[in-house]
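Me: Please take a close look at one part of this model, beginning with any term that is needed. Then show how that part sits in the whole.

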Amino acid sequence: MGWYKINKRDLPWRKRENQNFYRIWISEVMLQQTQVKAALPYYNKFLKKWPDLDSFYKASLEEILYQWQGLGYYQRAKNLYLGKEFIKNNKFSIDPNNLKKIPGIGDYISCSIPAILEDQSCTVLDTNIKRIIKRYFGLNEKEKGYKKTVLEIASKLTPQKNNRDYCQSLMDLANIVCKAKSPECKICPIGEKCRTKGHESNKNKKISKIKKRKFGVVFLIEFNSEWLVEHTKEKLLEGLYTFPMTSFFEKEVNILEKKLYENLVLEWKKKHSLEINHRKIDFVNHSFSHFHLKLLIVNIKLNKKVKLKDLQWMKIHKFEKKPVSTLVKKIKKII
């Protein structure tokens, strides 16, 4: 706690004017699976657009996705929409059991909000805090009952008073000192009795998985100043707008990359009855959390409009105002 008073990070959601349910909720959702540095501009942008819960009630899912684009893990944005709709129609209080009824709020956020806002003595446990406990007590995550042990230790350590500063001190300790990679053990305020001092045994270390490589084709189909676009329902980019694409495939060992792309283009054109010449523009590379993707961008110019299933014609200037993924932003930049 003494270390925290001197070293705590100056973060916008910690400012007095942001100590309310709505602003803490937005910050906690954004910080799921996203580093502070990446979340900061989005947090400020959100508050500028919707400064309070009353203004956020009026936000559509498309508007939320538009503000969210580029931050990734878009299910979080959808959960914010579902969450505010739930809050709008139901009474809720700042306690863990009640908060868990809100879509997108699980064990961690349901405790962090009451702890931060009302200093409730509930056990705040996220990936960062788990890492400190694991290292300090020399736990092996492969051992039976590991999760239960971590929870029991975290519960016993949770103070009856000043849990607000305690849980946030652990978060800062994990981000500044007890980092996932290259921890700063020499300056750790609790390092003296740490069982591992950051040097976990080889059997505890996770072997980093090599990401799969996948391939596909994206089609830029245009007529005058309009593009054919899709309002996708696929979970990976649900609710966002995109150019039509093939499915993503892993390449078989015995097939050439060039041949793979040719087959994908021909199959897609045949499926949509588009017997018209196409032009290859370029490739775009993008990494998702679990695979690398290499897309061939293909341009098809039509001399009349066609109707294709699940696709809609949209003016280019209108498409600019729609929520899209980072992948689609890359494609737009190339074209």
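Reply: Two strands pair if DSSP finds at least two bridges between them; strands (E, at least two residues) and helices (H or I, at least four) are DSSP runs, numbered from the N terminus. The model is predicted: local features need pLDDT of at least 70, side-chain atom pairs count only at pLDDT 80 or more, and totals for chains, interfaces and linings use all residues. Residues are numbered from 1 along each chain as its sequence is written, and side-chain values use heavy atoms, without hydrogens or water.

The part chosen here is strand β5, which covers residues 291-301. Of its 11 residues, 9 are buried (under 20% relative accessible area with a 1.4 Å probe, protein chains only; exposed is over 50%, and partly exposed lies in between). Strand β5 is therefore largely enclosed by the rest of the structure.

Strand β5 pairs with two strands, β1 and β4. With β1, residues 212-223, the pairing is parallel and runs over 11 bridges. With β4, residues 279-287, the pairing is antiparallel and runs over 8 bridges. Strands β4 and β5 also form a hairpin, with 3 residues between them.

Valine 298 gives a convenient place to view these pairings. This residue of β5 has phenylalanine 219 standing opposite it, and lysine 280 likewise stands opposite valine 298.

The whole protein provides the setting for this strand. It has 14 helices and 6 strands, and its C-alpha atoms fill a box of roughly 70 × 50 × 35 Å, taken along the principal axes. Buried residues make up 46% of its 335 residues. Among contacts (heavy atoms within 4.5 Å) between residues at least 6 apart in sequence, 67% join residues at least 24 apart.

A helical part of the protein can be set beside the strand. Helix α2 spans residues 21-30 and helix α3 spans residues 36-49. In α2, the residues Tyr22, Arg23, Ile26, Ser27 and Met30 meet Ala39, Tyr42, Tyr43, Phe46 and Leu47 in α3. Serine 27 is found in helix α2 and counts as buried because its relative accessibility is 3%. Leaving aside residues up to four places away in sequence, serine 27 touches Trp13 and Tyr43. Tyr43 is also one of the α3 residues listed in the meeting of the two helices.

To return to the chosen strand, β5 has β1 as a parallel partner and β4 as an antiparallel partner, with 9 of its 11 residues buried.

How values were computed:
Axes fitted to C-alpha atoms, helices over the stretch in contact; angles between N-to-C directions.
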